[in-house]
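I opened a fresh page for this chain and went through it piece by piece. Below is what I looked up, in the order I looked.

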Amino acid sequence: MLALLATTLHRIRFPSSNLFAAAGEGIWDNGAACGRQYLVRCISAVVPKTCIPGQTIQIRIVDRAQTSKSRPLKDGTTMVLSTTAFQTIANPSSTSMNVEFQ
């Protein structure tokens, strides 16, 4: 029974699409953000042509950015996207971007 429960929790936490993120302190909300879903799109970046025009993804928050293995590059980071999520809305050679989310 425990193995089945762990498998079920794994499917809930990490979407099969691999479109997930860790929440920054601004949206972490004392852990309440875990499981929330957001529509996210790249709106700008320091490096020109970083954003993939017209791409919006739905991600699920699965962790807190400050305690995750992939820590934010900058203070004030809103979310750390999974590699799949990042590369779906932005050029993979870029390291950061500004996003709009709801």
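The entries go from the overall layout to single residues.

**Ground rules**

I am working from a predicted model, where local features need pLDDT of at least 70 and side-chain atom pairs count only at pLDDT 80 or more, while totals for chains, interfaces and linings use all residues. Residues are numbered from 1 along each chain as its sequence is written, and side-chain values use heavy atoms, with hydrogens and water left out.

**Layout**

I started with the secondary structure and got 3 helices and 5 strands. Helices here are DSSP runs of H or I with at least four residues, strands are runs of E with at least two, and both are numbered from the N terminus. Reading from the N terminus, I wrote the order down as α-β-α-β-β-β-α-β.

Next I checked how much of the chain is covered. Of the 102 residues, 31% are buried. Buried means under 20% relative accessible area, exposed means over 50%, and partly exposed is in between (1.4 Å probe, protein chains only). The accessible surface adds up to about 6,700 Å², and carbon and sulfur atoms hold 54% of that. Those areas come from the Shrake-Rupley method with a 1.4 Å probe, and for residues only the protein chains shown count as cover.

I also looked at contacts, meaning heavy atoms within 4.5 Å. Among contacts with a separation of 6 or more, 70% link residues 24 or more positions apart.

**Strand pairing**

Which way do strand 2 and strand 3 run relative to each other? They are antiparallel, with 4 bridges; I count two strands as paired if DSSP finds at least two bridges between them. On this seam, leucine 39 has glutamine 58 of strand 3 as its bridge partner, and valine 40 sits opposite isoleucine 57.

Strand 2 also pairs with strand 5 (residues 98–101), antiparallel and again by 4 bridges. There I noted cysteine 42 bridging to valine 99.

Strand 1 and strand 3 run parallel, joined by 4 bridges. Alanine 23 stands opposite arginine 64 in strand 3.

**The core**

I then went after the largest nonpolar core and found 19 residues in it. Such a core is a set of buried Ala, Val, Leu, Ile, Met, Phe, Trp, Tyr and Cys residues joined through side-chain atoms within 4.5 Å. Ile59, Ile61, Met79 and Leu81 have the most contacts inside it. Strand 1 (20–23), helix 2 (25–28), strand 2 (37–44), strand 3 (57–64), strand 4 and helix 3 each put in at least two residues. Background reminder: in soluble globular proteins, nonpolar side chains tend to be buried together.

I picked isoleucine 61 for a closer look. Leaving out neighbours within four places in sequence, its contacts include Ala21, Ala22, Ala23, Ile27, Trp28 and Tyr38.

**Cysteines**

How many disulfides does the structure hold? I found 1, taking a disulfide as a pair of cysteine sulfur atoms within 2.5 Å. Cysteine 42 is joined to cysteine 51, S to S 1.9 Å. The link is left-handed, with -60 degrees about the S-S bond. Cysteine 42 counts as buried because its relative accessible area is 7%. Cysteine 34, at 33%, is partly exposed.

**Serine 82**

Serine 82 sits in the loop between strand 4 (79–81) and helix 3 (83–89). Buried or exposed? Serine 82 is at 8% relative accessibility, so it counts as buried. Its side chain reaches the backbone oxygen of asparagine 18 at 2.6 Å. Not counting residues up to four places away, serine 82 touches Asn18, Leu19, Phe20 and Ala21.

**Loop oddities**

Two residues in the loop between helix 2 and strand 2 caught my eye. Aspartate 29 lies there and has a positive phi of about 55 degrees without being a glycine. Asparagine 30 lies in that loop too, also a non-glycine with a positive phi of about 55 degrees. Aspartate 29 is partly exposed at 45%, whereas asparagine 30 is exposed at 81%.

Last stop was valine 46, in the loop between strand 2 and strand 3. Valine 46 is exposed, since its relative accessible area is 77%. I paired valine 46 with serine 94: 48 residues apart in sequence, 9.1 Å apart C-alpha to C-alpha.

Technical notes: A polar contact is a pair of N or O atoms within 3.5 Å; within protein, one must be able to donate a hydrogen and the other to accept it, and residues adjacent in sequence count only if both atoms are side-chain atoms.
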